[in-house]
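Let's work through a few short exercises on a protein and its ligand. Take your time with each task before you read the solution.

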Amino acid sequence: MSKEIIVSPSILSADFANLERDIKLVEDNGADWIHVDVMDGHFVPNITIGIPVVKALKRFARKPLDVHLMIDNPEKYIEDFAKAGADIITFHYEAVKPENIEEICKKIQSLGCKAGISIKPKTNQNDIIPYLPFVDMVLVMTVEPGFGGQEFMHYCAQKIPTIQQNGKEDLIIQVDGGINDITSKVCVSLGATSLVAGSYIYKSKDVKKAIESLRA
Ligand code: DX5
Ligand code: ZN
């Protein structure tokens, strides 16, 4: 039987002056999670939102907050993000020392969150195989992290089968970057079980249809 697809709209494409309205919009129209892109201006060239904003979102969000940390030294901030209300915390493989990965995952899970590890386009899928037993989710970036609205990179999606074959049965495989009604099908057919989409959802005239088209 095919697995349920988790749709996680990225609020990077929402109106930051109307986050409550824009989160409600996707929650009312089929979103499973709310994807929150945290950028520090070091790990990626852009700066977005941080801990106080996650805390504010938690006051009204009804769906789990899927926090994607595009920051250096993520281990320093995990507890703060968990306390602020993150439900899923994903850190980048490239931002940590490999020998700390098991401990970072255990810390995230001990705070009651799901632990995700993400790889950038240039990172080989085989690099994270030793750590798959520790994570609940792998986020395969299908664009260079840092900005919304970029074009989907097909070769990145080709990493998914290796991850699926080496991961546990219930491992969530998420893709992020350039996801729309066409690229989502490519990713799901390769084994993705969670789709992040920012511009495709927030720029569509019919959000419900857009979310349905990802799941179809
Ligand atoms: C990019 C972010 C994404 C971004 C996706 O660094 O991680 O979550 O919002 O935006 P779209 O769906 O527009 O490519
Ligand atoms: Zn993201």
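The exercises below go from the ligand outward to its pocket, and the model they use is a predicted one.

**Exercise 1.** Find which residues come nearest to ligand 1, and look for polar atoms that face its oxygen atoms.

*Solution.* Start with the shell: 20 residues surround ligand 1, and those that come nearest are Asp37, Gly146, Asp176, Gly198 and Ser199. Next, apply the cut-off for a polar contact, a pair of N or O atoms within 3.5 Å. The side chain of Ser199 places an N or O atom 2.5 Å from an oxygen atom of ligand 1. Gly146 takes part through its backbone, with a polar atom 2.7 Å from a ligand oxygen. Finally, His68 has a polar side-chain atom 3.3 Å from an oxygen atom of ligand 1. How much of the ligand does the protein bury? Taken alone, ligand 1 exposes 380 Å², and the protein buries 100% of that.

**Exercise 2.** Work out which elements build the shell around ligand 1, and sort its residues by class.

*Solution.* Begin with the elements that give two or more residues: these are β2 (34–39), β3 (65–70) and β8 (194–197). Of these, β2 supplies the largest share, with 3 residues. Then sort by class: the shell holds 8 nonpolar, 10 polar and 2 charged residues.

**Exercise 3.** Describe the pocket in which ligand 1 sits.

*Solution.* First, locate the ligand: it is in the largest pocket. That pocket has a volume of about 240 Å³. Its lining has 26 residues, and the closest to the centre are Phe147, Gly148, Gly149, Asp176 and Gly177. Now check the elements: β2, β3, β8 and α8 (199–202) each supply at least two lining residues. By class, the lining counts 11 nonpolar, 12 polar and 3 charged residues.

Terms used: Residues numbered from 1 in each chain as written. Chains lettered and ligands numbered in written order. Predicted model: local features only at pLDDT ≥ 70, side-chain atom pairs only at ≥ 80, totals over all residues. Heavy atoms only, no water. Near = heavy atom within 4 Å. Polar contact = N/O pair within 3.5 Å; in protein donor to acceptor, adjacent residues only side chain to side chain. Areas by Shrake-Rupley, 256 points an atom, 1.4 Å probe, with all protein chains shown as cover. 1 Å grid on protein atoms, 1.4 Å probe; cavity = no way out; pocket = protein on both sides within 12 Å on 5 of 7 lines; lining within 4 Å. Sits in = over half its atoms within 2 Å of the grid points. Helix = DSSP H or I, 4+ residues; strand = E, 2+ residues; numbered from the N terminus. Nonpolar A, V, L, I, M, F, W, Y, C, P; charged D, E, K, R; others polar. Points joined across faces, edges and corners; volume = space filled by probe spheres on them.
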